[in-house]
Amino acid sequence: MSLYLDHLATLLRQAEAALERTGFDALLIASGIEKYAFLDDRPYLFQPNPHFKHWLPLTNHPHSWLAVRPGRKPRVVYFQPDDYWHVPPSAPSGEWVDAVELVIVREPEAAAKALADCVTARTAVIGEGDAALPGLVPNNPEPLLNLLHWARGVKTPYELEQMRAAQRRAVPAHLAARKAFLAGASEAEIHRAYLVASGHTDRDLPYSNIIGLNEHAAVLHYQYQDDSPPPESRSFLIDAGAQVNGYASDITRTWVAPGHDEFAALVAAMEAEQLGLVDEVREGVDYRDIHLSAHRRTARVLRNAGIVKMSEAAMVEEGVTKPFFPHGIGHLLGLQVHDVGGFMASQDGGVADKPEGHRYLRLTRPLQAGMVVTIEPGLYFIPMLLRELRASPHAAQVDWHAVERLSRYGGIRIEDDVACRAAGEAPENLTRDAFAAA
């Protein structure tokens, strides 16, 4: 059996078990609709319902539906309008076509008739309220969603293959961006080099690229791109991904221009610690422990570089690492860049709490084989947080001259996408494997 067909069979088993457990007869999933800007006739970029693209490699297909009924083939209502203003979806093709019962409709409203026999008082409908049609009103039952979201944390072999392909699509673009940085390009020019090398446009990136030169690297989600290069390009932080069949990669690198040895040494020290954190991705490990480990490792870098004179344990205990590393160590990755289910206590729901004082961590579950997570430690020189540190009782333990020198570089983040394997096996570093192949 192909990886995709095996994936589809897995989803059918999971859905049928979830329907039985929650007392529903059928599951209907809306792909989503195009939404328009206020008082305008221009649509926003279409974002498919992740539940829909979990089953089907269809990412640009608004107004379509999927129906799942135990013991029967899934039914796909495929919206293919007659349209001369825009290019409509192409004729259905691929492995999925023979695995489903296919119904093509030309008007969005026709989906209601095509799915009428699937609708009972015990039908679960997943989608946004805007997707509602007569008889097809999303109810998004929480007990069913909990089961589906919990299961989505573990990837099938098909999903892992799509995510490896997303790495292979992103890595050459990262290398093209680095080349443009070293050639003195502006942030906007670097971004364009990334798009060309990845084959993406701004429309279909999994998230907006973060392209920050020098001090801009200190803004965690820097959202602009200067058209003009700075007088001197010292450092470059790029957080950018790609997607294949709806599955994302999420990669960050920090590069240093020649002649900036102090910051280059700091980047090398952070990379060594990042690789150590990657090796902690093991089945059964509580992801929260990896986050706390990242703070201990950050403290080691700060102490060895002479930036903070406190002991590593005292830095972590007193929260001195937080101004330098203010975000979480990572998150689940898959159909969404920040994939769902990261805070679930169990398949029945509930919340697994974040470590006290670490409110930005996005994953609090124990790791399972098949999960894909990001490992992205950072060390930044953020003016707002440094002002708070300077006003704290620990200010005298900081070498502010070193901080001033290093602040010109903004900061460091290094991010790999890592698959957890079975007990006793080392993790699979999807990102490093793709860089090695490139």
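This is a short tutorial dialogue on reading some features of a predicted model.

Q: Let's start with aromatic rings. What describes a pair of them?
A: A pair of aromatic rings is described by the distance of the centres and the angle of the planes.

Q: How many aromatic pairs does a search of the whole structure find here?
A: The search turns up eight aromatic pairs. Take Y4 and Y158: their ring centres are 5.3 Å apart and the planes sit at 70°, so this pair is edge-to-face. Y4 belongs to helix α1 (residues 3–22) and Y158 to helix α6 (residues 157–182), so the pair ties together parts that are 154 residues apart in sequence.

Q: Are Y4 and Y158 buried or exposed?
A: Both Y4 and Y158 are buried. They also have company, since Y4, Y158 and Y247 form one aromatic cluster.

Q: What kind of pair do the rings of Y222 and Y224 make?
A: That one is edge-to-face, because the centres are 6.4 Å apart and the planes are at 80°. Look at the accessibility of the two partners, though. Y222 counts as buried at 6% relative accessibility, while Y224 is exposed, with a relative accessible area of 54%.

Q: Which residue lies over the face of W255?
A: R178 does, at 4.8 Å from the ring centre of W255. You can look for a similar arrangement at W400: R390 lies over its face, at 4.1 Å from the ring centre.

Q: Now for pockets. How do I find empty space in a structure?
A: Rolling a probe the size of a water molecule over the atoms shows where empty space is left. In this model, the largest pocket holds about 1400 Å³ of space.

Q: Which residues lie nearest the centre of the largest pocket?
A: They are L45, F46, Q47, N60 and R203, out of a lining of 46 residues. Two elements, α2 (50–55) and β8 (243–244), give two or more residues to that lining. By class, the lining has 22 nonpolar, 16 polar and eight charged residues.

Q: What volume does the second largest pocket have?
A: Its volume is about 820 Å³. There are 35 residues lining this second largest pocket, and L220, P326, H327, G328 and Y360 are the ones nearest its centre. Helices α9 (287–304) and α11 (383–390) each supply at least two residues of the lining, and the largest share, four residues, comes from α11. Sorted by class, the lining of the second largest pocket splits into 15 nonpolar, 11 polar and nine charged residues.

Q: On to sheets. How do strands pair up?
A: Strands of a sheet pair through backbone hydrogen bonds, either parallel or antiparallel. Here, three strands form an open sheet in the order β13-β16-β17, with antiparallel pairing. Strands β13 (372–375) and β17 (428–429) stand at the edges with a single partner strand each, so one side of each is left without a neighbour in the sheet.

Q: How many bridges join strand β16 to β17?
A: Two bridges join β16 (residues 416–419) to β17, and the strands run antiparallel. If you want one to look for, V418 has N429 in β17 as its bridge partner.

Q: Last one: backbone angles. What is the phi of L39 near?
A: Phi of L39 is near 60°, a positive value in a residue other than glycine. L39 sits in the loop between β1 (26–30) and α2, and it is exposed, with a relative accessible area of 75%. H63 also has a positive phi, of about 70°, although H63 is not a glycine. You'll find H63 in the loop between α2 and β2 (65–68).

How values were computed. Residues are numbered from 1 along each chain as its sequence is written. This is a predicted model: local features need pLDDT of at least 70, side-chain atom pairs count only at pLDDT 80 or more; totals for chains, interfaces and linings use all residues. Side-chain values use heavy atoms; hydrogens and water are left out. Rings of Phe, Tyr and Trp (its six-membered ring) pair if their centres lie within 6.5 Å; planes under 30 degrees apart count as stacked, over 60 as edge-to-face and the rest as tilted. Buried means under 20% relative accessible area, exposed over 50%, partly exposed in between (1.4 Å probe, protein chains only). A charge sits over a ring if NZ of Lys or CZ of Arg is within 6 Å of the ring centre and within 35 degrees of the ring normal. On a 1 Å grid over the protein atoms alone, a cavity is a set of points where a 1.4 Å probe fits but cannot get out, and a pocket is an open set with protein on both sides within 12 Å along at least five of seven lines; lining residues have an atom within 4 Å of a point. Grid points are joined across faces, edges and corners, and a volume is the space filled by probe spheres set on the points. Ala, Val, Leu, Ile, Met, Phe, Trp, Tyr, Cys and Pro count as nonpolar, Asp, Glu, Lys and Arg as charged, and the others, Gly among them, as polar. Two strands pair if DSSP finds at least two bridges between them.
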